[in-house]
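Student: Got a minute to go through this model with me? I'd like to start with one residue and work outwards.
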Amino acid sequence: MTSCKKFSPFYNLAFFYFSVSFILRVVLIFHPITQSSFKFLESLKIFGLGLLSDFFVFVIAGVFLWLYLIFLSESKYNKPYGYVILGFLAVLLLYTASGKSIFDEYGGALPRIVLIFIGLKTILFTIFLLLPKYRTKLRFWLYSFVVFLYVLLILQNGLSEYFFWNEFGVKYNFIAVNYLIYTNEVIGNIMQSYPVIPLFSALFLVSGIVTYFIVKNSKDYINEIPSFTEKVKISGVYWLLFAISLVAIPILAKTENSKNVFVNELQSNGLYKFYLAFQNNKLDYFKFYKTLPNQEAFTILKKQFPTISGENTIQKISSDSLENHKNVILITVESLSADFMKTYGNQENITPFLDSLSQKSLQFTNLYAAGNRTVRGLEAVTLCLPPTAGESVVKREDNKNKFSTGSIFKQKGYNVKFMYGGDAFFDNMQDFYSGNGYQIVDKSSFTPEEITFSNVWGVCDEDMYNKAIKIMNIEARQNKPFFNHIMTVSNHRPFTYPNNKIDIPGDIKSRDGGVKYTDYALKKFFAMARKQPWFNNTAFVIVADHCASSAGKTELPLDKYRIPAFIYIPNEKPEKCSKLMSQIDLMPTLFGLLHFDYDSKFFGQDVLKSSYKPRAFIATYQDLGLIKDNVLTILSPKQEVKQFALKLDSKDSVSSEFQVEYDEMPLKKQKIDLVNEAISYYQSASFLLKEKKYQR
């Protein structure tokens, strides 16, 4: 066999992988979400360095192919070796099936996986040993199956990267890792959002065709199995490339340093990005980020909170008026970007009720979401602290008995509930809220008669609101005020909802339809609530959990974090608050309106007080941002700090207080005071959580 043919399985599959990656990059460049144009050198980075990354990643991923090919042999079936090997496999199979193997000590699915693998290996070896005349044909089909699996996974990964980009505008990140955990909701979402059967039928068909040509061009390897010496040479070349790849991949990742985030994302290899996200789901602030001496960090923080002392945020919040124990209903609306509303420039009239209600409310026109996922929004309004690096507190193991908005309400004698139309197990909401003193009302609390429509995420918003009204009517008769936090689900892909409710059919899976139905359901909720005796004694807080999309030209595009928020109190005079503020400030501001006296640990503040200094926090799971004085400061892993001057990109059709788009221009000289202030916020929040000083 010639040297070229010895490597034919590898280079044929590699060529196919490179082709898919090239086509994917081209498609993503022209995708509507890729809001950027690219210079020649940027294109060279995307395709040139991107191809190099793909090559080295393929070498690493090819380890299973190498393992399979290197153990192909005829001599192992010769007597007596064949029967010795079969006996060894049989003993190994019995050992793993005994339930007392070393694999059982690890628990989980590992023992079953190992048992299945050894069982299949034993069965195949037996067939190959006892039926020598079928050996060639069986080896051909087994080889074809291995190649088919590789082809299928390459194509499936390409599709997955495309759909992930379609949703988030980036290659795989932390969210993709989370999606592996919640397979029921995610697979269900895919099933309801996309034409899965035609898609996978085409996927299998194309995989079969590609496999046919690859096998045709590389079957010499199995027809003339390399000798032991040739296999040693093949392995030597492969392991040399493997070692080089281990070094080269992270080095190439460091070249993803363009100011244009789309260049970095398109240059990157999705599989390696997934690996990094899996590795970095827990980020220790003190290990990865720029820090200050703790005492200095809290001294800087004291400028914002003059009454704190020591390494904590304990403050005495007091009012000169009597406390007003109104009922409170907090509604966090799924994926409600500010620019869905008419006041922020939307011309489609998809939020007519919210547009109307905002004009009767205390409206916060310049409020930013803390993050770009639901758990970040829930964390912000519940714990009122900046978004710390890594996973949201909601999903951490140490997420219980925290100082929260619920704990304040419980101190004041309120009934406290978290209401969610889906399964509260998703995103760890059940564990977080029950562990912080909330009663849970989720889909499992509904009787069949109470569900008129549901999709993979849960019951429609109308059903959730109907259930909420029933519960609140019962609570109102208990002579105790109630605080109910409702999380909506309908404005989420696949955007399905009951038909004949709005002028956009619920089965065409339209985002505008999802928004409009969400608005419609809120209108019905308020219509029902107005008929209840508790309505006039209730404060309604409405805020988005995050924007509908987080993709942009920069790490933290401001327009992708701007969300609507307002507090409606019946018979109160409407107002507008245009101060720059964060999602974490919303509930402390409400407590101020209710004149609550309490000892606070919150980083969030009452923005209506004269002492408030405007700032906002926005973050991904690793980039931590502070907006202040028209500067965006971003703290990133590896102790990196970036700053951008913010220049308003105004639209003539939108009032000044509702403008959402800014150009972010890198600062040549850092503003150290703002850098240190950003560090003080994020470092102190991380410190308090790590040292368990943010407990109730």
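Tutor: Sure. Keep in mind that this is a predicted model. Start at Leu674, which is found in helix H24, residues 672-690.

Student: Is Leu674 buried or exposed?
Tutor: Buried. Its relative accessible area is 4%, and the cut-off for buried is under 20%.

Student: What does Leu674 touch, leaving out residues up to four places away in sequence?
Tutor: Leu626, Lys628, Asp629, Val631, Thr633 and Gln643.

Student: And how far is the C-alpha of Leu674 from that of Leu632?
Tutor: 8.9 Å, with their positions 42 residues apart along the chain.

Student: Switching to cores. How many residues are in the largest nonpolar one?
Tutor: 130 residues. Phe364, Phe409, Phe526 and Phe603 have the most contacts inside it.

Student: Which helix gives the most to this core?
Tutor: H24, with nine residues. Another core lies apart from it, with 41 residues, including Leu13 and Val215.

Student: Now rings. How many aromatic pairs are there?
Tutor: 59. One of them is Trp66 with Tyr238, a stacked pair at 6.0 Å centre to centre, with 10° between the planes.

Student: Why does that pair tie together parts far along the sequence?
Tutor: Trp66 lies in helix H4 and Tyr238 in helix H12, so the pair links parts 172 residues apart in sequence. Trp66 is buried at 13% relative accessibility. Tyr238 is buried too, at 6%.

Student: Which ring does the charged end of Lys412 sit over?
Tutor: The ring of Phe596, 5.6 Å from its centre. Lys467 lies over the face of Phe446, at 5.5 Å from the ring centre.

Methods: Residues numbered from 1 in each chain as written. Predicted model: local features only at pLDDT ≥ 70, side-chain atom pairs only at ≥ 80, totals over all residues. Heavy atoms only, no water. Helix = DSSP H or I, 4+ residues; strand = E, 2+ residues; numbered from the N terminus. Buried < 20%, exposed > 50% of the residue type's maximum accessible area, 1.4 Å probe, protein only. Contact = heavy atoms within 4.5 Å. Core = buried A, V, L, I, M, F, W, Y, C linked by side-chain atoms within 4.5 Å. Phe/Tyr/Trp six-rings, centres within 6.5 Å; stacked < 30°, edge-to-face > 60°. Lys NZ or Arg CZ within 6 Å of the ring centre and 35° of its normal.
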